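The following exercises practise the reading of a protein model, from a single residue up to the whole chain. Please attempt each task before turning to its solution.

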Amino acid sequence: MDFEIVNAAPEHVADIERLEKLCFSVPWTNEQIRSQLGGDSHVFIAARSTDGTILGYVGLMYVLDEGYVSNVAVDPDCRRMGIADALICEIVSRAKALELSFVTLEVRESNAPARRLYEKHGFENVGLRKNYYDFPKENAILMTLFLK
């Protein structure tokens, strides 16, 4: 599948909102998505198909030299096509360019494919957040990529 990584923009919000509803039991609102676009402490990128449809996205919030991956999502019909891999690769590249010391994220304990993807990119299991997720209630594995 052909796609390119782009900075998420206001014209992508409807597609991102659609993906939120497909991928998460507690999706972000339109307002929450818009709050992640641009700004001095956010990186929000998307995988865009040749027809302009957003196939996936990832957000990074940072303060000083600390980074936090907010959400990673790929359209369920487009998974296992390298989209998440490309998004994580790009967000790590941007984190390095920002000279962040580390990037951290939470992932559902049961989400083995995502955990393997993050491990492939150098993220390590560093902790457990008990009952972090709702619908269904589940623990989160805290994973960190140390850049310095």
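**Exercise 1. A hairpin**

Which residue in the hairpin of β6 and β7 takes a positive phi?

Solution. The structure is a predicted model.
- Step 1. Strand β6 covers residues 124-133 and runs antiparallel to β7, to which six bridges join it.
- Step 2. One pair can be located on the strands: N125 has M143 of β7 as its bridge partner.
- Step 3. Four residues lie between the two strands of the hairpin. The residue sought is F135, with a phi near 55°.

**Exercise 2. The two sides of a helix**

Determine which residues of α4 are buried and which are exposed, and explain the arrangement.

Solution.
- Step 1. Helix α4 spans residues 112-120, and A114, L117 and Y118 are buried in it.
- Step 2. These three cover an arc of only 95° around the axis, and therefore lie on the same side of α4.
- Step 3. A general rule helps here: an α-helix has 3.6 residues a turn, so residues three or four places apart point the same way.
- Step 4. R116 and K120, on the other side of α4, are exposed.
- Step 5. The elements against which the buried residues of α4 pack are β4 (66-74), α3 (83-97), β5 (102-108) and β7 (138-146).

**Exercise 3. The ends of the helix**

Describe what is found at the start of α4 and what follows α4.

Solution.
- Step 1. At the start, N111 places a side-chain oxygen within 3.2 Å of the backbone nitrogen of A114.
- Step 2. After the helix comes G122, which has a positive phi near 100°.

**Exercise 4. A histidine in a loop**

Is H121 buried or exposed, and with which side chain does its own side chain make a polar contact?

Solution.
- Step 1. The loop between α4 and β6 contains H121.
- Step 2. The relative accessible area of H121 is 18%. The cut-off for a buried residue is under 20%, so H121 counts as buried.
- Step 3. The side chain of D85 is the polar partner of the H121 side chain, at 2.6 Å.
- Step 4. Setting aside residues up to four places away in sequence, H121 touches D85, I88, C89 and L145.

**Exercise 5. The nonpolar cores**

Which residues have the most contacts inside the largest nonpolar core?

Solution.
- Step 1. This core has 28 residues, and those with the most contacts inside it are L60, Y118 and F123.
- Step 2. At least two residues of the core come from each of β2 (42-49), β3 (54-63), β4, α3, β5, α4 and β7.
- Step 3. The largest share, six residues, is supplied by α3.
- Step 4. Y118 may be examined in detail: leaving aside neighbours within four places in sequence, Y118 contacts V72, I88, L105, V107, F123 and M143.
- Step 5. There is also a second, separate core of 13 residues, including A8, I16, L19 and A73.

**Exercise 6. The whole chain**

How many helices and strands does the chain have, and how does its radius of gyration agree with that of a compact globule?

Solution.
- Step 1. The chain has four helices and seven strands, in the order β-α-α-β-β-β-α-β-α-β-β along the sequence.
- Step 2. For 148 residues, a compact globule would have a radius of gyration near 15 Å; the value for the chain, 14 Å, agrees with this.
- Step 3. Along the principal axes, the C-alpha atoms fill a box of roughly 40 × 35 × 30 Å.
- Step 4. Of the 148 residues, 43% are buried.
- Step 5. Among contacts between residues at least 6 apart in sequence, 60% join residues at least 24 apart.

Notes
Residues are numbered from 1 along each chain as its sequence is written. This is a predicted model: local features need pLDDT of at least 70, side-chain atom pairs count only at pLDDT 80 or more; totals for chains, interfaces and linings use all residues. Side-chain values use heavy atoms; hydrogens and water are left out. Buried means under 20% relative accessible area, exposed over 50%, partly exposed in between (1.4 Å probe, protein chains only). The arc is that of the directions from the helix axis to the C-beta atoms. Contact means heavy atoms within 4.5 Å. A polar contact is a pair of N or O atoms within 3.5 Å; within protein, one must be able to donate a hydrogen and the other to accept it, and residues adjacent in sequence count only if both atoms are side-chain atoms. Two strands pair if DSSP finds at least two bridges between them. A nonpolar core is a set of buried Ala, Val, Leu, Ile, Met, Phe, Trp, Tyr and Cys residues joined through side-chain atoms within 4.5 Å. The radius of gyration is taken over C-alpha atoms; the globule rule is 2.2 Å times the number of residues to the power 0.38.
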